[in-house]
Amino acid sequence: MMTIKSDYEIELMRRAGEIVGNTHKYLVQFIKPGITTKELNDLAEKFILKSGATPSFKNLYGFPGAICISINEEVVHGIPGKRKLKDGDIVKLDIGACYQGYHGDSAWSYPVGKVSSEAVRLLEQTEEALNQGLSVIHAGVHVGNIGYAVEQYAKKHHLGVVKELVGHGIGTKVHEDPDVPNFGQKGTGPVLKEGMTIAVEPMLNLGTAEVYMLEDDWTIVTGDNQQSAHFEHTILVTKDGYEILTKR
Ligand code: MG
Ligand code: MG
């Protein structure tokens, strides 16, 4: 069921989103070679708790971390652990925070030290793909238009579009209707209405679009081990456009 949020609910979602954005801003200073993903996870969890929220992903479907941390060929759902960041890595932090029952969700991809020119291109173009997807949003638009915008941009730049994972409605649950795929056709899919809140989150790969799951039953990796990037904002659909709730 797709829900329309009241003004009061939107205020809570703004605060949840703000906490997620602030957590990203806070973590940037720690993204350096040598830090473990568990250390990043614990810093994030403390920051979210101190902000009066709880980490949305902790125990969500049984996920063992507070946030998802995925490196290089890991697309999403990486479990924080002993792995240390290395110079040249791309690290993706996917952060959710729940404030008074409402969730914000934003993933961002960061270079660690000096990364390859291909990695720089992947980061820039995946962030731009998110912007392209957001740019078509307003009340009355079909969800398919978002996917179309993301996919066309990715194709133009020869990046693989991950299709197995999609954006989503968000509110009192992290994952609500509708699905928001990063591919599609204009004029198809549900119609967005003013007051809906959704997460738009392109996952683009330097190589193949294919992905598979590791034996930990969580981590999704690219089929050819090439790097992947992920950028995500939670937004509010407005009459004439959208408002980013997870500003950073
Ligand atoms: Mg996310
Ligand atoms: Mg999401």
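Me: What makes S7 and S9 a pair of strands in this predicted model?

Reply: Two strands count as paired if there are at least two bridges between them. S7 and S9 have two bridges and run in the antiparallel sense, so they meet the criterion. At Gly169, the bridge partner in S9 is Ile198.

Me: What sheet do S7 and S9 belong to, and which strands stand at its edges?

Reply: The sheet is open and has five strands in the order S8-S7-S9-S14-S15, with antiparallel pairing. Strand S8 (176–180) and strand S15 (242–244) are the edge strands; each has a single partner strand, so one side of each lacks a neighbour in the sheet. From one strand to the next, the twist averages 25 degrees. Helix H4 (residues 143–156) lies across S8 and S9, and runs at about 35 degrees to S8.

Me: Why are Asp94, Asp105 and Glu232 called donors of the magnesium ion (ligand 1)?

Reply: For this metal a donor is an N, O or S atom within 2.8 Å. The donor atoms are OD of Asp94, listed twice, OD of Asp105 and OE of Glu232, and they lie 2.0 to 2.6 Å from the ion. Those distances are within the cut-off, so the atoms count as donors. Along the sequence the donor residues are spaced D-x10-D-x126-E. Asp94 lies in strand S4 (residues 90–99), and Glu232 lies in the loop between strand S13 (228–230) and strand S14 (233–237), so the pair ties together parts that are 138 residues apart in sequence.

Me: Which residues are the donors of the magnesium ion (ligand 2)?

Reply: They are Asp105 (OD), His168 (NE2), Glu201 (OE) and Glu232 (OE), lying 2.0 to 2.2 Å from the ion. Their spacing along the chain is D-x62-H-x32-E-x30-E. His168 is in strand S7 (residues 167–169) and Glu201 is in the loop between strand S9 (197–200) and strand S10 (203–205), so this pair ties together parts that are 33 residues apart in sequence. Both His168 and Glu201 are buried.

Me: What makes Asp105 a bridge, and how far apart are the magnesium ion (ligand 2) and the magnesium ion (ligand 1)?

Reply: Asp105 coordinates both ions. The magnesium ion (ligand 1) and the magnesium ion (ligand 2) lie 3.1 Å apart.

Me: Why is Ala66 called buried?

Reply: Buried means under 20% relative accessible area. Ala66 has 1%, so the term applies. Ala66 sits in the loop between strand S1 (54–55) and strand S2 (68–71). Not counting residues up to four places away in sequence, Ala66 touches Asn41, Glu45, Pro55, Phe57 and Lys58. From Ala66 to Gln152 the distance is 34 Å, C-alpha to C-alpha, and the two are 86 residues apart in sequence.

Me: Which residues have the most contacts inside the largest nonpolar core?

Reply: They are Val91, Leu93, Ile137 and Leu192, in a core of 57 residues. Helix H1 (residues 7–27) gives the largest share of this core, seven residues. Leaving aside neighbours within four places in sequence, Ile137 is in contact with Ile146, Leu192, Ile198, Val200, Ile235, Val237, Gly241 and Tyr242. A second, separate core of seven residues includes Val76, Leu165, Met203 and Ile220.

Notes:
Residues numbered from 1 in each chain as written. Chains lettered and ligands numbered in written order. Predicted model: local features only at pLDDT ≥ 70, side-chain atom pairs only at ≥ 80, totals over all residues. Heavy atoms only, no water. Donors = N, O, S within 2.8 Å, 3.2 Å for Na, K, Ca; no water. Helix = DSSP H or I, 4+ residues; strand = E, 2+ residues; numbered from the N terminus. Core = buried A, V, L, I, M, F, W, Y, C linked by side-chain atoms within 4.5 Å. Buried < 20%, exposed > 50% of the residue type's maximum accessible area, 1.4 Å probe, protein only. Contact = heavy atoms within 4.5 Å. Axes fitted to C-alpha atoms, helices over the stretch in contact; angles between N-to-C directions.
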